[in-house]
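The report below goes through a predicted model, beginning with the contact between chains and moving on to individual side-chain pairs.

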Amino acid sequence: MTSAKLRLWSVVSLLAVFVIAALVLLAAAARNTGAHLVINALERNSETIGTALRIQFERAINIGIALDQLVGVDSVLEDELALHHEVSFFALIAGDQRLLSYVGRNQLNPKELQEAKRLILTPNRNNLQSETFHIRTVELSGESGGISKGTLLIGFPARYIDKQVNVVVIDLVVAALIAFILVTELLRYATRHSALHEFSRFREFTQHIKSRNFGVQGRFLAVDPTSVLSKRMDEQLHTLRGNYQELLARIEHAPLHMKRSMLDIGTQLQKIADRYKLNSAPQEIGNLGETSRLRMVVFLVALSDEICRPFFAVYASSLDGPIALSSEVLAGIPLTSFLFTWALSQPFGATLLRRFGTRSCLVSAATVTGLGMLATAITDTWLGLVVLRALTGFGFGCVLIFSQAIMLRIGRVTGRARAMAEFVAGVVAAGICGPAIGGLLAVKFGTTFAFVVSGCCALIAIVFAMGTKDTRAAEITAKSFSAKAVVETMRHPRLLLLMIFSAIPGKIASTAVLLMLVPLATAEMGESPSVAGRLLLLFFLGFFLVAGFAAKLSDHLNLRKPFIAAGGLLSALACLCGYAFDNIWGLFLTCSLLGLGQAWLSSPQIILVTQIMDASGTAADSELVLGFYRLVERFGGALGPVLAAVLIKQIGLGGAMLAFGLILAIGCLVTMLTLWSYKENATAYLETGAQAA
Amino acid sequence: MASSSFLRRVTQLAVLPLIGFAVTLLFASLMVSLRLEKAVADLVEARATFIASQMSNVVEAGLRFGIPIANQSEAPRKMDALIGSDTELLTIALFDDTGKPFLVKSSNKTANLDDREIHRLLSKRPSKLGGRVTRAWRVDGEIRILMQARDATGSTGALVWAAYSAKTVQLAFSATLSELFKVSALIFLGAAILIFSLTYGMWQKWEKHVAGSLTRLGDDAAADPGANQVNPLPMVPLTEALAQLANADQALGEVRLKIGDLSI
């Protein structure tokens, strides 16, 4: 390692240590402030439980029943233990110090159990405490008072506050990640002219030149030394391209007698041109203005939906709906109406886009979503909510499908998988940040305020949508969504098999694992729903961090098949890990690997679908197929939880996990066999040809 | 002495990471405060549920012997005992099987409950035999518990409502948040100094390296006697890129020479 690299690593390490120290400091401050409040609340609880149980036992004592003759003491204490998660054990001791009843949590380890028994059997119980437990002692004496008839002991974990702080530390890491992603997304567009962005562009510029890709230009505008240097490099690239053209012209226009000798020189020149990509039109580096704008639109609209996710079901069930409907149904119908209109909007996306132009479509769809959300904030009827959710679902679905179609168009120049990964990253980033922000807003400011914020997010997206380049119907070959196009799509065997064996199983397994298997398995392990929430976050995080890299690599190598295979295998492995390791670490692996697997195949898969259709020359083109593909995928997603429920009932949670692993593995195998003879480079050639045309 | 334009560039470079760090601290403080608030709220909710279950046990004992709640003498006594035993218990009430309030003990004049909540819980059946459906929620500075009391046939014979003050819970949030904001402000100050000084040092070296590169490209105006030949930011392959430009120039130069030789 060079000294410069070592120095850079030292700086990075210093910053990492600083961030970790800052988080530890915050956790320690939280502990110091929160400890006495939590301990006070614990003491109040123990006092209430102690008083209530004392009254019950003393009632028996008062009517002359001795404590050792009481029936069902264990059952009463077990009921109380089930109700109070903060209590570790109860013990009832007779006046002669005999242990009459002990009821403790199963989770206590042998050492803790031994410590609990030691404390219970200690004769002097004044201020009974240890490093493991705090004990509240309740004397049972009856109406006559005087001599104690017995003692009730209530044991609490001494490290209750530390357990809370451990959760706080995890929360801090999650908060830091969410804040980082949120800031990155929000600043991505706003800072495209900033010094940091310009430096990042310069880095990309030098990387291209280092890898002998001279078909680039920096177009740096600033006057600082780095920009001056990059302008000089731009000029040098321009000169080299000019020199090449000049030499090529000299070879081509060489007199006839020199043609033969020039042939070798021409070959040498061609080799140089190929090596340094001197013969291609230069692309501006980091010119992601349009992509960034679209990603902002996608991020803000997806954020507006994600903000409502944590509280929407509870809010819907609290509205005044038909009395015959249970709260689950009251919550479910608005959600279903949203998903239904979202799915319905998918096939019509491309047609609407071509009919009305990209900008008008995006602006209208974002307006519908934003106004729908704002109206949701003020509606107080359940039926109104159902209608508004349907409207919002349509707007939301339209924004997503319009953005994907536009990204595909942009991707023809900058790389399709990369452009699609920008879209996916926007959605996933919103999925990571939205629920946490929504939960926070709803708890502190109420659901109405959270809905208003959500609506405002979608309305802000209009500003970015208005800045997008407008492409009208006349500029592109207009094909509309029709039954014929769908039939032609369905008839394409390779595409059909890719959908049946890769796209649909992937979506089914993802929704089944994330919505059913992981939450149920964590609950079965005795963990809280927040643990399930953190595990699910791993999926999104894995996806967010890897999707962009995988897409770039896929575009760079111009390969899709290996990515689809790797992603499918990783997803299958994720489910098999969940089956093999029947503990929280198994679920940790399941969520992380599934996120990585889906990130690996997501963009390459959709690009392959569109490439296959583009190459087939059928009535349906890539944008129409995209809508159809998303529609099928959404229905696959809806099938996942239903299939999971059936499998869990038949073969249990572990069996269901194994079944989804096998479905994915078989799907991956069949997909690979289907694509074995498919020549990706031939399609890429067609694409380049179409571009040139 | 650094020029003002250099300082401006360093500030521009440092400001974005600092904004990111500030948002991270703000978000982390809010989330941690909410976590501690939830820890306290869970404990208060457990206490409220316990109180409601105590009341519900008494009512159920009467209902199972066929005594309607109007004739139960133990229920009002228990209610008095419960509200007197805990200062944070604001309201405890009993609703009959039609959803009408039957007994209400309240230290809170504004205590009210939505009829829909009552009717919805009256119509719910527990998932297991002998169980009770309970609903817990937070509203208007209160933690509320609504719990069923079932008769001998398993039907809902009454509902128990307990409302606890959420002052302790709100205090947990505000106290933690204000403490964490103070700590965050100090951390941010440290971060600002660290990031600014690191950016200053690295960028100074980088601009010296750029000046060196400009000199290599023949830009005498930018020539700097103290130019740094070592790239302080190896993730920017400037030296390698310049070498490739020189290689390409040389390769084209060779072709030009060959064409020139032929033309002669």
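How many salt bridges does the rule find across the interface of chain A and chain B? The rule, by which a salt bridge is a side-chain nitrogen of Lys or Arg within 4 Å of a carboxyl oxygen of Asp or Glu, finds 3 salt bridges across this interface. One salt bridge joins the side chains of B:Arg256 and A:Glu246, at 2.9 Å from N to O. The largest share of the side of chain A that touches chain B comes from helix H1 (residues 3-62) of chain A, with 27 residues; helices (H or I, at least four residues) and strands (E, at least two) are DSSP runs numbered from the N terminus. That side of chain A divides into 60 nonpolar, 21 polar and 18 charged residues, where Ala, Val, Leu, Ile, Met, Phe, Trp, Tyr, Cys and Pro count as nonpolar, Asp, Glu, Lys and Arg as charged, and the others, Gly among them, as polar.

The model is predicted, so that local features need pLDDT of at least 70 and side-chain atom pairs count only at pLDDT 80 or more, while totals for chains, interfaces and linings use all residues. Residues are numbered from 1 along each chain as its sequence is written, chains are lettered from A and ligands numbered from 1 in the order in which they are written, and side-chain values use heavy atoms, with hydrogens and water left out.

In terms of contact (heavy atoms within 4.5 Å), 99 residues of chain A meet 92 residues of chain B. About 8,500 Å² is buried between the two chains, and carbon and sulfur atoms give 75% of that area; buried area is the accessible area (1.4 Å probe) that two parts lose on being put together, summed over both.

Chain A itself has 693 residues, of which 52% are buried, where buried means under 20% relative accessible area, exposed over 50%, and partly exposed in between (1.4 Å probe, protein chains only). Its secondary structure comes to 21 helices and 6 strands. Among the contacts in chain A with a separation of 6 or more, 76% are between residues 24 or more positions apart.

Within helix H6 (residues 225-252) of chain A lies A:Ser230, which counts as buried because its relative accessibility is 0%. Leaving aside residues up to four places away in sequence, A:Ser230 touches A:Phe202, A:Phe205 and A:Phe220. Helix H6 of chain A also holds both A:Arg250 and A:Glu246, 4 residues apart, about one turn of the helix. A:Arg250 is partly exposed at 32% relative accessible area, and A:Glu246 is partly exposed at 31%.

Over all chains, the count comes to 22 salt bridges, and three that lie within a chain are set out here.

| Side-chain pair | N to O distance |
|---|---|
| A:Arg250 and A:Glu246 | 3.6 Å |
| B:Arg47 and B:Asp86 | 2.9 Å |
| B:Glu88 and B:Arg47 | 3.5 Å |

The pair of B:Glu88 and B:Arg47 links distant parts of the chain, 41 residues apart, with B:Glu88 in the loop between H2 and S1 of chain B and B:Arg47 in helix H1 of chain B. B:Arg47 is buried at 2% relative accessibility, B:Asp86 is buried with a relative accessible area of 2%, and B:Glu88 is buried with 15%. These three residues belong to a network of salt bridges that links A:Arg44, B:Arg47, B:Asp86 and B:Glu88.
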